[in-house]
Amino acid sequence: MDLIRSAARRRTLGALAGTALIAAVIQIPASAGTATAPDRSSGAQSAFSAAEDDDYYQDAEGKTGEELKNALHGIISKDVKTLSYDEVWDALKETDQDPDNSGNVIEVYSGKSVSKDSNGGGEGDWNREHVWAKSHGDFGTANGPGTDVHHLRPENVKVNSIRGSKDFDKGGSEVEGAPGNFSDDDSFEPRDAVKGDVARMILYMDVRYEGDDDFPDLEANDEVDNGSKPNIGKISVLKQWSEEDPPDKFEENRNQVIFDKFQHNRNPFIDHPEWVKEIYK
């Protein structure tokens, strides 16, 4: 992990040096040539620095496999603020805010930008999609896994209903109202732009909920049609999706907003997507 962080810092320093050199040559301030990531929340969020990363994940340093998973469970389960299901509405309006329109949120599967105020239960409304389907472990909407914003996303009511409680896998017919998503009798395939997001949300839930805090022991497996068992699949496909669709600015900012404003814990697979391979071999 130290080697990975050192390499990342060298790349960052090299990029900054290059920016400063270009600025000097064309005689403009270095800051003018530095791109700023779009604000994806109602207020600018501070970046998670390398020093903060080292501090937050210090108990995971040098670990791999099951030891790494156990360490991460301890880290992301400590001092967590648990939201009520009603509080999730307001949280999603910040975590999933459209960076180009502060009055809208982005629906996870359809990708559509819709009014924050159109949340509800009507066919044209958006509601709270449990990416780890709440029937998989039968935790419902109780405080804890049922209200964990790390796997709750806005989605159109009709599209949400089509996804239902299906596991994740490839194939099926294209979903009406959500081009690029596919569904069959026992599985759902999200659009390419959020395949990795979905995978990392599922793996977060796998690590966060281990059955030691009065909640079910959630485990990702390599099956579909898991029913009410506390399992979701397919892990082999989720691993592939995580690799093919690495974290983007929207996902990173979402992680930061949840950490800063709501639950005060993080999704480690957004901060360190390389840990997917370290744990799920």
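Leaving aside its neighbours within four places in sequence, which residues is Q263 in contact with? I would like to start there, and I should say at once that what we are looking at is a predicted model. Once those near neighbours are set aside, Q263 is in contact with D79, V80, K81, T147, D148, V149, H150, Y204 and I258. The residue itself sits in the loop between α8 and α9, and because its relative accessibility is 3%, under the 20% cut-off, Q263 counts as buried. Its side chain also makes a polar contact, reaching the backbone nitrogen of V149 at 2.6 Å.

Before going further, let me give the overall frame. The chain has 281 residues, of which 48% count as buried, and it contains 10 helices and 11 strands. If we take the contacts with a separation of 6 or more, residues 24 or more positions apart account for 65% of them.

Let me now step back from Q263 to the helix before that loop, α8, which covers residues 249–262. At 1.5 Å a residue, its 14 residues should span 20 Å, and since the C-alpha atoms at its ends are 19 Å apart, the expected and computed values agree. At the N-terminal end, D248 acts as the cap, with a side-chain oxygen that lies 3.3 Å from the backbone nitrogen of F250. At the other end, α8 is followed by H264, whose phi is positive, near 65 degrees.

Which residues of α8 are buried? They are F250, E251, N253, R254, N255, Q256, V257, I258 and F262, so if you are following along in the sequence you will see that the list includes charged residues such as E251 and R254. As for what they pack against, the buried residues of α8 meet the helices α4 (85–95), α6 (195–208) and α9 (268–271), and also the strands β1 (97–98), β2 (101–106) and β5 (152–156).

Moving on to α9, I would pick out F269, which is found in that helix. With a relative accessibility of 0%, F269 counts as buried. Not counting residues up to four places away in sequence, F269 touches R200, L203, Y204, V207, P247, W275, V276, I279 and Y280. Y204 appears here and also among the contacts of Q263. F269 can also be placed relative to G196: the two are 73 residues apart along the chain, and their C-alpha atoms are separated by 9.9 Å.

Next, the second largest pocket, which holds about 250 Å³ of space. Its lining is made up of F48, E52, D55, Y56, Q58, D59, G74, I75, K78, D79, F259 and H264, and H264 is the residue I mentioned for its positive phi after α8. By class, the lining has four nonpolar, three polar and five charged residues. Both α2 (50–56) and α3 (65–76) supply at least two residues of that lining, and the largest share, three residues, comes from α2.

One of the lining residues, D79, deserves a separate word. D79 lies in the loop between α3 and α4, and although it is not a glycine, its phi is positive, at about 55 degrees. With a relative accessible area of 62%, D79 is exposed, and D79 is also one of the residues in contact with the buried Q263. A second residue other than glycine with a positive phi is D138, near 55 degrees; D138 belongs to the loop between β4 (126–130) and β5, and its relative accessible area of 66% makes it exposed.

Finally, is I232, in strand β11 (residues 231–232), buried or exposed? I232 is buried, with a relative accessible area of 0%. I232 lies 65 residues from D167 in sequence, yet the two C-alpha atoms are 5.7 Å apart in space. Apart from neighbours within four places in sequence, the contacts of I232 include V131, W132, A133, H136, R163, D167 and F168, and they also include I202, E219, A220, N221 and N226. Shortly after this strand there is a backbone feature to look at in the structure, where a cis peptide bond joins G233 and K234, with omega at about 0 degrees. K234 itself is found in the loop between β11 and α7 (235–244).

Notes
Residues numbered from 1 in each chain as written. Predicted model: local features only at pLDDT ≥ 70, side-chain atom pairs only at ≥ 80, totals over all residues. Heavy atoms only, no water. 1 Å grid on protein atoms, 1.4 Å probe; cavity = no way out; pocket = protein on both sides within 12 Å on 5 of 7 lines; lining within 4 Å. Points joined across faces, edges and corners; volume = space filled by probe spheres on them. Helix = DSSP H or I, 4+ residues; strand = E, 2+ residues; numbered from the N terminus. Expected span 1.5 Å × (residues − 1). Buried < 20%, exposed > 50% of the residue type's maximum accessible area, 1.4 Å probe, protein only. Contact = heavy atoms within 4.5 Å. Polar contact = N/O pair within 3.5 Å; in protein donor to acceptor, adjacent residues only side chain to side chain.
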